[in-house]
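Reader: I should like to learn how to read the features of a protein model. May we go through them in turn?

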Amino acid sequence: MNVDNIQNMVEKDGIIFLSYGGFLTQTLISGMTEALEKEAEYNELSMSISTNIYTIFIELSQNVMNYSKTRQANCKEVKSEGLIVVGKDKDNSYYIHSQNIITKDDKDKIEPKLIELLTMNHDEIKKRYRELRRSGRDKHGKGGGIGFYEIAKRSDEIKFEFKEINEDKFYFHFISKININKDN
Amino acid sequence: MENLIIEETKYTPSIKLNVQNRTIELIGKSYPENTFEFYKPMMDWIESYFNNNEDKDETTTVNVEIIYFNSSSSKLFFDFFDLIEEAHNKGKSIEVLWVYDEENESALEAGEDFKEDFEDINFTLVKKSLFICLSNCEELLGGYSRELIGCR
């Protein structure tokens with residue numbers, strides 16, 4: 001185990017304030033959110049930027065946590081670890097990555113929604129978010145409901161990719177970027 | 001009917017539901033693991049409070065100050081305001097104060113969206129600094145301080 005490799009990786013791609021790979025639990029998510037609050041305070045981030053970062057972080061990490069819980073409940077094969085990384089780019093924007101393993105069925109459900117999200121502007125996303133919240137669709141759904149709209153609403157850029165592991169399993173990698181220097 | 005108090009945690013707000021004072025208060029962050037289960041006692045309490053409360057002239061004050069929340073809490077708050085609107089439409093007198101920090105744009109925006117979604121409710125967005133002043137001044141100024149922030 002070479003800690004220097006990790007240190008180098010952290011320094012090379014800008015400053016990562018938080019990186020975790022493994023099983024995610026609510027207590028852990030809450031502890032990491034606390035760490036993010038300390039970082040935001042230290043970096044003197046505005047309250048608007050920092051609450052956007054916390055919300056996106058919570059949404060993505062709870063997605064990973066809830067996804068693995070549903071899989072467990074359905075007695076399907078469980079691989080519940082996820083990867084979550086929060087950092088700051090050289091251009092002063094913040095980024096949050098999440099990655100976990102999902103089935104092909106779930107990829108087929110999420111992918112069209114995300115592809116559509118990429119074509120929508122901020123106002124359209126906000127409008128859709130409120131429509132979905134009002135309609136109560138996916139009401140007790142865990143993730144995949146209004147969660148991605150919540151993230152997109154608060155991000156300046158979102159990206160995602162599905163990487164095939166085998167015909168039934170994919171890595172789902174999601175990226176959210178938040179700029180600090182905004183016009184308004 | 002008993003009052004209901006749920007202490008604040010790192011990921012759930014402080015909830016204070018008080019029959020005598022006619023206040024419903026939620027303050028803090030909201031990202032529980034199981035949002036609907038967590039808020040069920042509060043939702044049940046509110047439903048029976050408005051069903052039992054026959055005294056229509058007395059106003060119930062709802063103070064909500066949520067710093068940030070996850071998307072399932074956002075849905076839950078929608079259902080929460082839906083309950084309030086239903087009680088309002090049955091003739092209950094209710095005022096909602098959505099308290100936000102001036103620097104927290106997303107809390108203000110969330111309040112604006114709820115205010116628009118529930119047009120029937122007497123819904124006021126209040127800056128936190130003004131709200132603290134209001135709470136402190138109320139004893140001295142009585143109803144006058146409420147008029148200052150636009151509540152009736």
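Reader: How many residues does each chain bring to the contact between chain A and chain B?

Author: One reads a contact by listing the residues on each side. In this predicted model, 23 residues of chain A and 19 residues of chain B take part.

Reader: Which elements give two or more residues to the side of chain A that touches chain B?

Author: They are helix H2 (26–42), helix H3 (47–73), helix H5 (122–135) and helix H6 (147–154) of chain A. The largest share comes from H3(A), with nine residues. By character, the residues on this side of chain A divide into four nonpolar, eleven polar and eight charged.

Reader: Let us turn to the sheet. What is the order of the strands in the open sheet of chain B?

Author: Strands of a sheet pair through backbone hydrogen bonds, and the pairing may be parallel or antiparallel. Here six strands follow the order E1-E2-E3-E4-E5-E6 in chain B, and the pairing is mixed. Strand E1 (4–6) and strand E6 (122–127) of chain B are the edge strands, each pairing on one side only. From one strand to the next, the twist averages 15 degrees.

Reader: How many bridges join E1(B) to strand E2 of chain B, and do these strands run parallel or antiparallel?

Author: Three bridges join E1(B) to strand E2 (residues 14–18) of chain B, and the two run antiparallel. Within this part of the sheet, Ile5(B) stands opposite Lys16(B) in E2(B).

Reader: What span should helix H1 of chain B have, and how far apart are its end C-alpha atoms?

Author: One compares the expected span with the distance in the model. Helix H1 (residues 35–52) of chain B has 18 residues, so at 1.5 Å a residue it should span 26 Å; its end C-alpha atoms are 26 Å apart, which agrees. The helix H1(B) also bends by about 40 degrees at Pro41(B).

Reader: Which residues of H1(B) are buried, and against what do they pack?

Author: The buried residues are Thr35(B), Phe38(B), Tyr39(B), Ile46(B) and Tyr49(B). They pack against strand E3 (23–30) and helix H2 (71–89) of chain B.

Reader: Why does Tyr49(B) count as buried?

Author: A residue is buried if 20 or more other C-beta atoms lie within 10 Å of its own. Tyr49(B) has 21 C-beta neighbours inside 10 Å, and therefore counts as buried. Leaving aside residues up to four places away in sequence, Tyr49(B) touches Met1(B) and Val19(B). The C-alpha atoms of Tyr49(B) and Ile121(B), 72 residues apart along the chain, are separated by 17 Å.

Technical notes: Residues are numbered from 1 along each chain as its sequence is written. Chains are lettered from A and ligands numbered from 1 in the order in which they are written. This is a predicted model: local features need pLDDT of at least 70, side-chain atom pairs count only at pLDDT 80 or more; totals for chains, interfaces and linings use all residues. Two strands pair if DSSP finds at least two bridges between them. Helices (H or I, at least four residues) and strands (E, at least two) are DSSP runs, numbered from the N terminus. Axes are lines fitted to C-alpha atoms, for helices over the stretch in contact, and angles run from 0 to 180 degrees between N-to-C directions. Two residues are in contact if their C-beta atoms, placed from the backbone, lie within 7 Å. Ala, Val, Leu, Ile, Met, Phe, Trp, Tyr, Cys and Pro count as nonpolar, Asp, Glu, Lys and Arg as charged, and the others, Gly among them, as polar. The expected span of a helix is 1.5 Å times one less than its number of residues. The bend at a residue is the angle between axes fitted to the seven residues ending there and the seven starting there. A residue is buried if 20 or more other C-beta atoms lie within 10 Å of its own, exposed if 12 or fewer, and partly exposed in between; C-beta atoms are placed from the backbone.
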